[in-house]
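This report sets out the architecture and contacts of the structure shown below. It is intended to be read alongside the sequence and the coordinates.

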Amino acid sequence: MRHKRVSPVAILLAVLLVVDLFPLFVMLSLSVKGGGGGFGSLADLVPRHVSAANYAEILSKGPFARYFLNSTLVVTLVVAGNILFASMAAYAVARTPGRPAAVMLFLVVSTMMVPKHIMMIPLFSLLLGMRMIDTYYALVLPFLVDAFNVFFIYQFVKSVPREIEEAAAIDGAGVWKTFTRVVFPTLKPALVVTSVNTFLINWNSFLLPFVLTNSDRVRTLPVGLAIFSQGEHSVDWGLLMAGSTLAAIPTVVAFAIFQRHIVRGMTEGAVRG
Amino acid sequence: MMTTRERLIFLLPWALSFALFSAYPILFSLGTSFTQYNPFRGGLTGWAGLDNYRQVFSDPLFWKSLKNTVLFVVGTVPPTAVLSLGLALLLDRAGRLKGLLRTGYFIPSVVSLAVISLVFKYVYAKQGPLNLLAGLFGSAGREWLLDPRYALASIMVMDIWESLGYYAIFYLAALQTVPRELYDAAKVDGAGPRDLFRSVTLPWIRPVVVFVVVVNTIRAFQVFVEVVIMTRGGPLGSTQTLVYYMYEKAFLYVKIGQASVVAFVVFVLIMLFALVQIGMLRRLRASTG
């Protein structure tokens, strides 16, 4: 390490970071202030005493706890689906020789580029026809196999030597057994990246869950909070910010823990460009 | 070796998902833009020819949405590309605290855009923190989101703030791959810091610049979440964007044909812009060597 002391650049960045995180500080500060009102002056921004009243209220009254459970359930299923189905597809493509593999890969990559907005109406109409609007199915099925995950895992499977699979085959293991017992464990690093990224994207997702649901029964957190903010009564900002903080905590914690994996998933995906 | 049948079984979940949730929606949007269609009443009730297109293109609100969307793209994509590169260059020189600072700057990007939009709705409120800060400088405070002059710009500033740390990560990763020898060789030739950046760093990370600009353009064209949560297109249509216009056409007025026209127009615009940007930046590379 060349820098023994903290460099001036680091000090500058630290000061700017305080400014950068100011809006999130506002969120936190307002949520622990207690009571519904806002800030009267700048000095009020720093809470003099911390109250958990907003948190207690939002978790016990109204549909917020339900939103939280809905988000947890939906995201768990979507992550599980992606781990299994995306690696199955990635494996099949990686172990297919020649032109068919190239065609499939092309389809996977072009799906990654399709903008989400174009799915709003067709997906709504399709799920309406299947009587799935406002059900968990609508929030899970369309997101079970993300093309990006197929592509990401595919790159990883390619680097796994085939010898161990062939050895397993000689020992009499079928394809499914070879996949679950031999291949799957070797994919672990790629699957960690896939899981964390899929969790982040779907926990935060708003656009499609917003149009595919219309009751508190199945609404997820971001959608529920947005609806709450537009209720008929004047908005209780303290309550809303407590909910927002609770919605943000899981992703911030996940990021703190899995930072390196997330960055890897992002930048390795970018290399293809 | 897998048999063909085994291969198909392994591919089945992805293939179903691709057909139903990717291929079908694009074809549906294109097809429905030429029809009269109402999923609640009778489904497909006939062909419309170019009627939907005529109606959309003669609606002043559509053109206003297009204008606002282009403003949003032009007002967020270049500033984000430049500022996040600046942030990455600083982070690259931050020494021991680099990891910690990088984490800090990334935090806004892991929080849901819906939550960010709610927080900023408060930050921008009449009695909100931004006006309290402005009061320090003697400003009377503004209705940031309720004034047609400031609403779109306020959302744009929030968007840049939200994505800064995200795109800086890509630059930072690229900066760390620049071979030290290139810098050393240029220094021997007497290059100053500015020359080093122009003739070594920038050419080396140019593919990442393309990536950041293209990805952010695709995202910016679809701006919706902020609008639906913060302004609902108002005040006076000043934050009406294309995807929000499409949403209202489909889910408020149930004009699915017209909404599909908008969906397709946005799709084509995104593809065109992405191709032009990739082409322009390629040519730039060819001309600067």
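## Domains, interface and local features

In this predicted model, the C-alpha centres of domain 1 of chain A and domain 2 of chain A are 33 Å apart. Domain 1 covers residues 8-51 of chain A, and domain 2 covers residues 61-271. Contact between the two domains involves nine residues of domain 1 and seven residues of domain 2. On the domain 1 side, the residues in question comprise three nonpolar, five polar and one charged.

Chain A contains 14 helices and zero strands. Along the principal axes, its C-alpha atoms occupy a box of roughly 75 × 65 × 35 Å. Of the 273 residues of chain A, 42% are classed as buried. When contacts in chain A between residues at least 6 apart in sequence are considered, 76% of them link residues at least 24 apart.

Confidence is reported for the model and for chain B. The model has an ipTM of 0.90 and a pTM of 0.91. Chain B has a mean pLDDT of 90, with 98% of its residues at 70 or more. Within chain B, the lowest confidence belongs to strand β2 (residues 43-47), with a mean of 81, whereas the highest belongs to helix α3 (residues 60-92), at 96.

The two chains meet through 71 residues of chain A and 70 residues of chain B. On the chain B side, helix α1 (residues 4-32) supplies the largest share, with 16 residues. The chain B side is made up of 56 nonpolar, ten polar and four charged residues.

One residue of chain A that touches chain B is A:A10, located in helix α1 (residues 8-20) of chain A. Beyond residues up to four places away in sequence, A:A10 touches B:A94, B:G95, B:L97 and B:L101. A:A10 counts as buried because 21 other C-beta atoms lie within 10 Å, and the cut-off for a buried residue is 20 or more.

The largest nonpolar core holds 158 residues, of which A:A89, A:V150, B:A168 and B:Y171 touch the most other members. Helix α4 (residues 64-94) of chain A provides the largest share of this core, 15 residues. Domain 1 and domain 2 of chain A each contribute at least three residues to the core. Leaving aside residues up to four places away in sequence, B:Y171 is in contact with B:S84, B:L85, B:A88, B:I205 and B:V208.

The loop between α10 (225-230) and α11 (242-251) of chain B contains B:P235. A cis peptide bond links B:G234 to B:P235, with omega at about -10 degrees. The loop between α10 and α11 also holds B:R232, and B:L236 is found there as well. Neither B:R232 nor B:L236 is a glycine, yet each has a positive phi, as tabulated here.

| Residue | Phi |
|---|---|
| B:R232 | near 50 degrees |
| B:L236 | about 55 degrees |

How exposed is B:R232? B:R232 has 13 other C-beta atoms within 10 Å and is therefore partly exposed. B:L236, by contrast, counts as exposed because it has 11 C-beta neighbours inside 10 Å, and the exposed class extends to 12 or fewer.

Methods:
Residues numbered from 1 in each chain as written. Chains lettered and ligands numbered in written order. Predicted model: local features only at pLDDT ≥ 70, side-chain atom pairs only at ≥ 80, totals over all residues. Helix = DSSP H or I, 4+ residues; strand = E, 2+ residues; numbered from the N terminus. Nonpolar A, V, L, I, M, F, W, Y, C, P; charged D, E, K, R; others polar. pLDDT = per-residue confidence, 0-100. Core = buried A, V, L, I, M, F, W, Y, C linked by C-beta atoms within 7 Å. Domains from an automatic or database assignment.
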